[in-house]
Amino acid sequence: MEAKEVVAENINDDAPMFGLVDTVLLAAIVGFGAWYFFFNKKSETTKKTYQIQPTTLNTTTTSEDNSFIKKLKSSGRSLVVFYGSQTGTGEEFAGRIAKEGRNYGMKGMVADPEEYEMVREELVNLKEIPNSLAVFCLATYGEGDPTDNAMDFYEWLQNGDANLAGLNYAVFGLGNKTYEHYNEVGIYVDRRLEELGATRVCELGLGDDDANIEDDFITWKDKLWPAVCDYYGIEATGEEGSVRQYKLTEHTDISPDRVYTGEVVRLHSLINQRPQFDMKNPYLAPIRVNRELHKGDSDRSCMHIEFDIDGSKMKYDTGDHLGVYPHNDPALVQKIGDMVGVNLDVVFTLTNTDEESSKKHPFPCPCSYRTALTHYLDIGSNPRTHILKELAEYATDPKEQEQLRQMAMTSVEGKQLYNKWIIEDNRNIVHILEDFSSCKPAIDHLCELLPRLQARYYSISSSPKLHPTSVHITAVKVEYTTPTNRVNKGVCTTLLSQKVPSPNPNEPIPRMPIFVRKSQFKLPTRTQTPIIMVGPGTGLAPFRAFIQERAFTKKEGKTVGDTILYFGCRKKSEDFLYEEELNEYVNNGDLKLHVAFSRESAQKVYVTHLLEKNSDEIWNVIGENNGHFYVCGDAKNMAKDVHNIVLKVVQEKGNMTDSQALAYVKKMEAQKRYSADVWS
């Protein structure tokens, strides 16, 4: 456009508006137009025309495809179950509710709020469908935030004032009680829908992932269906048999170029790499460094890993998370194949029997059973009760069948047996098939039942200012013995421990699929602002990046406020992570360091003990100098204890009452001056 404008400008400067040639051309165009209109128009009815449609017309089709109301109407459904899910659990629960709807004469569908036009009054129009019901399975993520796929819907509820009178709904929230903002999203959506005029059909359900979220979900679901029957005046149909969601096609003659081998979405995406890289299109990053951080005779392992992102166009900010896609242990995968007696190299496709569903396959298809069990399915977690119920149909031993069925029941005895045998004894699908030798499920049904294998997230432990072409993580290798004397291993950290680059340049470089997930765990925008960081163990990871960035900024000649770190470990000689590096920052005047060693004296010393002793320092930063306070690590105990200590410091040093101190810290959180990046 700019080039055309320049040419036109030059013509205006150097010549009259219309010359002889212009006049002749204009007359020819007018004459041709007249001929076409008067003479050619007559033949339009007798000849076939071909038109090139503008691409903008596709938006209408897309909008129609994204209308869940139209899909409900066209398929005779009245139940829609929306999910907000970061790890797949919310989506799984939504699928189970939609599937069970048929037992009560309510044909249902699962809907991702990100894929449907919910913010364009779609939800308002659900009342047009008789006896309709919207169920929301919504997880709370981070510091009380909605999941990525539910963000638009959440903001629409916050900012809109739609009239939802006539909408019938129920909400189940997924959260973790070790976090301060427990189930904040589910609680808010339940209340907000009612405020906008919708009718709550069943009381709010809250699941606690720190305890037993499966038990919480079943308990709530046992209330949901009786409430639905009572509200709509319906009864259960009694049809509770197993219904397959996907149909199987096994391929005997298929080109290898059409078969998925572990890609997340796009076929051959891990071979033909194309930016932009994200969760659906990860970058197969070379691992340049993988070194052990623990010293001496420690029986534990903590790895410092550096991924090379040079040339990938990947960007990250200090405080972000790195997503890593793992794959399952090939030996465990083969064991499943052996126990159910199938050839894992058979290529197959599972296709959704519901043609209206936006999810055509449970994972990328076609692929081999080996690929599905290796890359796409979670074979290491505790199976939920609905899986045990389906497995029971395949057990030929009456005792084994009865135990599987009992564990799937909602009775007190059934829940107790499930908690003991599955949760406490920590059995996965491999262990169950080992212990119930008569249970040999169809491999395709097993692939349908098992949840998706999810990416693992790690706090990035490097600053892009210092390391623009690499991204670092700090990861503890997970390995433990279960009550049944089996050794369980973390799927991702075990794999990472094997990805050690060889000094031999002829050896292939180990690689892993990665992507960056943005975080709100950020340094203050003003470099002069003082900060306190509390990060025992691998909670140090993001603070290593913070320290790097502050030191780099200081070298640039900018003023940097106090940078104070509270770090804790067992022994100085074993697990003092990045000891030399941290001491160098201390010696350079970039860092003030407090270290607690819990196993070096008869009296255990933790970071909380050091914080209690340094109340003046804490108040100087957060009270007198408007500084920031950060916590990273264990949410269950450490983060809560630290929060209580800060409240006490604010109350005592700030001369405040309990309620005033709480309000002060709440305000810090709202201003992102008190931030937590924690896990349980």
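**Strand 5, helix 20 and residue N212 in a predicted model**

Trainee: Where does N212 lie in this predicted model?
Mentor: The model is predicted. In the chain, strand 7 spans 205–208 and helix 9 spans 213–232. N212 belongs to the loop between strand 7 and helix 9.

Trainee: Is N212 buried or exposed?
Mentor: The cut-off for burial is under 20% relative accessible area. N212 has a relative accessibility of 12%, and therefore counts as buried.

Trainee: Which backbone nitrogens lie 3.2 Å and 3.1 Å from a polar atom of the N212 side chain?
Mentor: The distance of 3.2 Å belongs to the backbone nitrogen of E214. The distance of 3.1 Å belongs to the backbone nitrogen of D215. The nitrogens asked for are thus those of E214 and D215.

Trainee: Which residues does N212 touch, not counting those up to four places away in sequence?
Mentor: The count leaves out residues up to four places away in sequence. With these set aside, N212 touches Y418, N419 and I423.

Trainee: Why is strand 5 described as largely enclosed by the rest of the structure?
Mentor: In a regular strand the side chains alternate between the two faces of the sheet. On one side of strand 5, N168, A170, F172 and L174 are buried, and on the other Y169, V171, G173 and G175 are buried. Strand 5 is largely enclosed because the buried residues number 8 of the 8.

Trainee: How many bridges join strand 5 to strand 3, to strand 7 and to strand 6?
Mentor: Strand 5 runs parallel to strand 3, to strand 7 and to strand 6. Bridge partners include F136 with V171 of strand 5, and F172 with G205 in strand 7. The bridges number 6 for strand 3, 4 for strand 7 and 2 for strand 6.

Trainee: Which residue of strand 6 stands opposite Y169, and what is the handedness of the crossover from strand 5 to strand 6?
Mentor: Y169 stands opposite R200 in strand 6. From strand 5 the chain passes through helix 8 (residues 184–195) to strand 6, and this β-α-β crossover is right-handed.

Trainee: Why do the buried residues of helix 20 lie on the same side?
Mentor: The buried residues of helix 20 are E579, L582 and Y585. They lie on the same side of helix 20 because they cover an arc of only 130° around the axis.

Trainee: Which residues are exposed on the other side of helix 20?
Mentor: The buried residues of helix 20 pack against helix 18, strand 20, helix 19 and strand 21. On the other side of helix 20, the exposed residues are E580, E584 and N587.

How values were computed
Residues numbered from 1 in each chain as written. Predicted model: local features only at pLDDT ≥ 70, side-chain atom pairs only at ≥ 80, totals over all residues. Heavy atoms only, no water. Buried < 20%, exposed > 50% of the residue type's maximum accessible area, 1.4 Å probe, protein only. Polar contact = N/O pair within 3.5 Å; in protein donor to acceptor, adjacent residues only side chain to side chain. Contact = heavy atoms within 4.5 Å. Pairing = 2+ DSSP bridges. Right-handed = clockwise from strand over helix to strand, strands pointing away. Arc of directions from axis to C-beta.
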